[in-house]
Amino acid sequence: GIGRADVVFMPSPVTHITGAIWAFDMPWVAGNTSVLMDVWPPADGIECIEKNGCTVTGGATPFQQQMLDLAETTPERLASLRLFFCGGTTVSPELITRASATFPQAMFYRAYGSTEMLTATLGPADRSEASLGAETDGRIVYPVEMRIVDPATDRPVKEGEEGEILLRGPGLCAGYIQPADNDAAFLPDGFFRMGDLGRQVHGDWLVITGRTKDIIIRSGENISPKEVEDALFSHPAIAEVANVAMPSPITGEK
């Protein structure tokens, strides 16, 4: 429902797929205005939304968390917002529920996608589905196709059962620069391994439950543990190293 009357506040970097879509693609597709921000102090973000009458925004969890913490005492400053999508890292149901209670005029929801597979899910159509915006990671968007499969056999699992998420659709990348990287990422029929585990619920809604790839996602940035371990291991004073994710209320993971 994005249109010419919408003003999108986009703090996500344009070198990320979220920032790129909303800065460069959506104004041509929907005719909306996009307002960008090159550095993220939350107070400046709130001021920017208020000044420009922004109606839509979104990004990784820290944007919503920090903005909510700051604006909770003055919710009228974000009165123009009608849509706020959140994704790119772990999103707690409590955060969405809290945001919806603080700003009842806006729809808050979790969304799912990646650089390789753009937007795979969208949020509730109206307030009657608001709880699904918190409890799930969104509804699969046609014409995106999804399979949930057993990671060991690639056989589809039943609805509600956990499995590896495979996606196919027009937003899928053509492949990686190194051809060898494609072999493990793509199935012969074009489905892409997202590297995440999830469950299909309520027909066409998705719940992310974990990851098959050992990636740490900090503020929407994918961090390879091995790359960090390799760098640390090169130091002569380090004999052994192991790098793992820990939950963080500020960055999602650390």
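Two strands are taken to pair if DSSP finds at least two bridges between them, and that criterion underlies the sheet through which this tour of a predicted model begins.

**First stop: strands 1 and 2**

Select residues 7-10, which are strand 1, together with residues 33-36, which are strand 2: the two pair in the parallel sense, and 4 bridges connect them. To fix the register in the viewer, pick Val 8 and look across to strand 2, where its bridge partner is Ser 34. Now add residues 17-30, helix 1, to the selection; strand 1, this helix and strand 2 together make a β-α-β unit, and the unit is right-handed.

**Second stop: the whole open sheet**

Widen the view to the sheet of which these strands are part, an open one with 5 strands in the order 2-1-3-4-5 and with parallel pairing. Strand 2 and strand 5 are its edge strands, each pairing on one side only. On average, and with direction ignored, neighbouring strands of this sheet are turned by 20° against each other.

Further along the sheet, select strand 3 at residues 56-59 and follow its pairing with strand 4, which is parallel and extends over 4 bridges. A convenient marker here is Thr 57, whose bridge partner in strand 4 is Phe 84. With these strands displayed, bring helix 1 back into view: it packs on the sheet and touches strand 1, strand 2, strand 3 and strand 4, while its direction makes about 155° with that of strand 1.

**Third stop: helix 3 and Leu 70**

Turn next to helix 3, which lies across strand 1, strand 3, strand 4 and strand 5 and runs at about 130° to strand 4. Within helix 3, select Leu 70. Is this residue buried, partly exposed or exposed? Its relative accessibility is 42%, so Leu 70 counts as partly exposed, given that the intermediate class lies between the limits of 20% and 50%. Leaving aside residues up to four places away in sequence, Leu 70 touches Pro 42, Ala 43 and Ile 46. For one of these, Pro 42, a distance can be checked in the viewer: its C-alpha atom is separated by 7.4 Å from that of Leu 70, although the two residues are 28 residues apart along the chain.

**Fourth stop: the two sides of helix 4**

Select residues 93-102, helix 4, and colour its buried residues, namely Leu 95, Ile 96, Ala 99, Ser 100 and Thr 102. Looking down the axis of helix 4, one finds that these buried residues fall within an arc of 165°, and they therefore line one face of the helix. On the other side of helix 4, Glu 94 and Ala 101 are exposed. What covers the buried residues of helix 4? The cover includes helix 3 (61-71), strand 4 (83-86), strand 5 (107-110) and helix 5 (130-135).

**Fifth stop: two loops with backbone features**

Move on to the loop between strand 7 (139-140) and strand 8 (145-149), where Pro 143 is found. The peptide bond leading from Tyr 142 to Pro 143 is cis, and its omega is near 10°.

The loop between strand 8 and strand 9 (163-168) holds Asp 154, a residue that has a positive phi of about 65° although it is not a glycine. With a relative accessible area of 29%, Asp 154 is partly exposed.

**Sixth stop: an antiparallel hairpin**

Select residues 192-201 and 205-211, which are strand 10 and strand 11; these run antiparallel and are joined by 6 bridges. Val 201 has Trp 205 in strand 11 as its bridge partner. The hairpin has 3 residues between the strands, and among them His 202 takes a positive phi near 50°. The relative accessible area of His 202 is 57%, so the residue is exposed.

**Last stop: the chain as a whole**

Finally, zoom out to the full chain, whose secondary structure comes to 7 helices and 15 strands. Its C-alpha atoms fill a box of roughly 50 × 50 × 35 Å along the principal axes. The radius of gyration of the chain is 19 Å, which agrees with the value near 18 Å that a compact globule of 254 residues would have. Of those 254 residues, 43% count as buried. Among contacts between residues at least 6 apart in sequence, 61% join residues at least 24 apart.

Definitions and conventions. Residues are numbered from 1 along each chain as its sequence is written. This is a predicted model: local features need pLDDT of at least 70, side-chain atom pairs count only at pLDDT 80 or more; totals for chains, interfaces and linings use all residues. Side-chain values use heavy atoms; hydrogens and water are left out. A crossover is right-handed if, with the strands pointing away from the viewer, the path from the first strand over the helix to the second runs clockwise. Buried means under 20% relative accessible area, exposed over 50%, partly exposed in between (1.4 Å probe, protein chains only). The arc is that of the directions from the helix axis to the C-beta atoms. Contact means heavy atoms within 4.5 Å. Axes are lines fitted to C-alpha atoms, for helices over the stretch in contact, and angles run from 0 to 180 degrees between N-to-C directions. The radius of gyration is taken over C-alpha atoms; the globule rule is 2.2 Å times the number of residues to the power 0.38.
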